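Me: I'm new to this one and would like a close look at a single part of it. Here is what I have in front of me.

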Amino acid sequence: MARIHLKSCLAIATMDDQGTEWRSEDLLIADRVIEAVGPAVQAALAQNPAVDEVIDARRFVVLPGFVNTHHHLIQTLTRAVPAAQDAKLFDWLVTLYRVWREMTPEALHVGALVGLGELLLTGCTSSSDHSYLVPAGAPEDLLDETIRAGQSLGIRFHPTRGSMSLGVSRGGLPSDDCVQDEDVILRDCERMIARWHDPGPLSMCRVGLGPCAPFTVSEALMRDTAVLARQRGVRLHTHLAETLDEDAYCLGRYGRRPLAFMESLDWVGPDVWFAHGIHFDDAEVERLGRSGSGVTHCPTSNLRLGSGTCRVVDLRAAGVPVGLGVDGSASNDSSNMLREVQLSMLVQRGRYGVDRMPAREALWLGTRGGAALLGRDDIGQLAPGKAADVVLFDVEEIGFAGALHDPIAALVFCGTSGRVHTSFVNGRAVVRERRLVGTDETELFHRATRIASGMVERAKARSGLDALDFGATRRKAQ
């Protein structure tokens with residue numbers, strides 16, 4: 001059992017129920033869990049002084065690792081594609097479906113390494129993923145590549161088996177070669193749960209089920225997926241209320257607003273969390289609170305696509321669990337979890353006023369809020385018996401000069417340009433000296449760049465150059 005002593009930490013934010021914080025105190029990791037924090041560490045060491053590693057933490061702000069509750073990892077390979085730079089959601093999706101359908105198992109694996117690596121480097125230790133596009137002819141176990149990538153990097157992982165079944169010929173948004181037969185989807189959901197899902201304490205992999213959205217999945221598949229998830233005891237995830245176009249689609253096709261449509265399919269409850277949740281009205285906010293359904297706030301993506309602002313303050317006042325998500329890296333265009341925490345604070349202040357989202361409230365969303373969405377009480381806080389998911393941010397650098405009156409708040413106000421110095425997941429170091437332990441970052445960059453270029457070139461050849469390059473063409477014409 002590895003025992004690691006973080007000594008004399010500049011500041012520790014435990015994110016426990018009492019909001020306990022410590023200055024110049026210690027933290028003790030024992031194997032996979034937190035053994036002690038604060039003054040209790042000295043008593044634990046007096047009883048058993050043996051440790052495997054001592055870290056001088058005088059320059060570090062120490063937090064529980066962030067919890068990212070919405071991502072599309074393949075999108076790391078399609079950042080800043082010209083035709084998608086200035087498009088709103090539906091146009092953005094139709095453009096990028098053409099590129100994503102060119103993915104291979106290698107592309108998905110490498111894209112996942114990039115996205116999960118960025119998350120680890122910015123203080124995230126647990127992440128979900130929502131991979132929903134399986135190209136025609138792809139191998140049955142394609143989506144398993146995200147799990148293998150997560151295992152190699154050592155992140156705690158909550159993949160959702162995503163799906164799309166409603167192609168353009170049936171009134172959906174994606175092209176027909178981007179969707180799957182519904183029986184195939186459900187069989188693979190069963191397979192992934194049986195193969196990968198671990199419901200136990202401190203689990204490193206829990207599988208959820210994630211039909212993509214009301215405009216890409218049939219009513220039958222939504223219902224059948226919910227039944228299967230509840231039979232197998234796994235969670236449900238989908239996009240909802242992201243744009244006004246989605247409102248119009250649901251009203252036109254189903255005669256209901258998005259949330260009412262979900263309610264009609266038994267797609268609400270404490271085992272459900274929705275991505276975005278921007279366009280809920282007052283009555284819907286109250287209904288969400290009564291149902292226990294959760295919402296992932298994705299501020300960067302919402303700003304990037306001009307979709308609107310999630311009503312986080314109102315949702316939380318109604319009792320809705322709220323966490324944070326970086327969303328796909330083609331609408332962010334990064335996987336910087338610390339930046340997401342900062343933007344969640346700034347966006348809500350812009351909507352509600354400067355006093356409605358303090359820095360520590362944003363940290364809560366990024367830790368305990370995310371843990372709640374994933375149905376976990378063993379992550380998101382530093383307390384005895386909780387998971388040893390611990391991140392150390394070095395604040396002795398120019399970006400924090402003059403900000404150490406409150407080092408914990410300074411991390412949110414000032415710190416989005418830096419990398420985490422050291423990160424432990426499940427008691428194992430996954431970042432050391434600002435570098436990933438599980439992969440060569442330079443080699444990964446070149447590999448991802450090569451694969452991304454190949455996907456775009458194949459998409460251009462299949463769709464036509466202008467269809468994927470109209471942004472550059474328009475600028476040249478001007």
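Which residues in helix 9 (residues 282–291) are buried? Please take your time with that helix, and then show me how the rest of the chain looks around it.

Reply: Happy to. Keep in mind that this is a predicted model. In helix 9, the buried residues are Glu 284, Val 285, Leu 288, Gly 289 and Ser 291. Look down the axis of helix 9 and you'll find these buried residues within an arc of 165 degrees, so they line one face of the helix. There's a simple bit of background here: an α-helix has 3.6 residues a turn, so residues three or four places apart point the same way.

Now turn to the face pointing away from that buried side. There, helix 9 carries the exposed residues Asp 282 and Arg 290. To count as exposed, a residue needs over 50% relative accessible area, while buried means under 20%.

What does the buried side sit against? The buried residues of helix 9 pack against two helices, helix 8 (258–264) and helix 11 (312–317), and against two strands, strand 11 (272–276) and strand 12 (294–297).

Strand 11 deserves a stop of its own, as His 276 lies in it. The backbone does something worth noticing there: phi of His 276 is near 90 degrees, a positive value in a residue other than glycine. For background, most residues other than glycine have a negative phi, and most peptide bonds are trans. His 276 counts as buried, because its relative accessibility is 0%.

You can find another positive phi at Ser 8, which isn't a glycine either; its value is about 55 degrees. Ser 8 sits in strand 1. With 26% relative accessibility, Ser 8 counts as partly exposed.

As for peptide bonds, try the one from Asn 332 to Asp 333: it is cis, with omega near -5 degrees. Asp 333 belongs to the loop between strand 13 (322–324) and helix 12 (337–352).

For a second helix to set beside helix 9, go to helix 1 (residues 40–47), where Val 41, Ala 44 and Leu 45 are buried. Those three cover an arc of only 95 degrees around the axis, which puts them on the same side of helix 1. Ala 43, Ala 46 and Gln 47 are exposed, on the face of helix 1 turned away from its buried side. The packing partners of the buried residues in helix 1 are strand 1 (3–13), strand 2 (21–30) and strand 3 (33–37).

Between strand 1 and strand 2 there is a loop, and Thr 20 is found in it. Thr 20 is partly exposed, at a relative accessible area of 22%. Not counting residues up to four places away in sequence, Thr 20 touches Ile 12, Ala 13, Thr 14 and Met 15. From Thr 20 to Gly 38 is 18 residues in sequence and 9.5 Å in space, C-alpha to C-alpha.

For a wider jump along the chain, pick Ala 387, in the loop between helix 13 (359–373) and strand 14 (390–394). Ala 387 counts as buried, at 2% relative accessibility. Ala 387 and Ala 30 are 357 residues apart in sequence, yet 9.9 Å apart in space, C-alpha to C-alpha. Leaving aside neighbours within four places in sequence, the contacts of Ala 387 include Arg 32, Val 33, Arg 156 and Ile 379.

Arg 156 and Ile 379 turn up again at Ser 126, whose contacts beyond four places in sequence also include Phe 66, Val 67 and Asp 389. Ser 126 is part of strand 7 (residues 124–131). Ser 126 counts as buried, with 0% relative accessibility.

Finally, step back to the whole chain. The chain holds 16 helices and 17 strands. Its radius of gyration is 22 Å, close to the 23 Å that the globule rule gives for 478 residues, so the chain is as compact as a globular protein of that length. Of those 478 residues, 61% count as buried. Among contacts between residues at least 6 apart in sequence, 76% join residues at least 24 apart. On the outside, the chain exposes about 17200 Å², and carbon and sulfur atoms supply 51% of that. As for charge, there are 51 positive and 61 negative side chains, and the centres of the two sets lie 1 Å apart.

Technical notes. Residues numbered from 1 in each chain as written. Predicted model: local features only at pLDDT ≥ 70, side-chain atom pairs only at ≥ 80, totals over all residues. Heavy atoms only, no water. Helix = DSSP H or I, 4+ residues; strand = E, 2+ residues; numbered from the N terminus. Rg over C-alpha atoms; globule rule 2.2 N^0.38 Å. Buried < 20%, exposed > 50% of the residue type's maximum accessible area, 1.4 Å probe, protein only. Contact = heavy atoms within 4.5 Å. Areas by Shrake-Rupley, 256 points an atom, 1.4 Å probe, with all protein chains shown as cover. Lys, Arg positive; Asp, Glu negative; His and termini not counted. Charge placed at Lys NZ, Arg CZ, Asp CG, Glu CD. Arc of directions from axis to C-beta.
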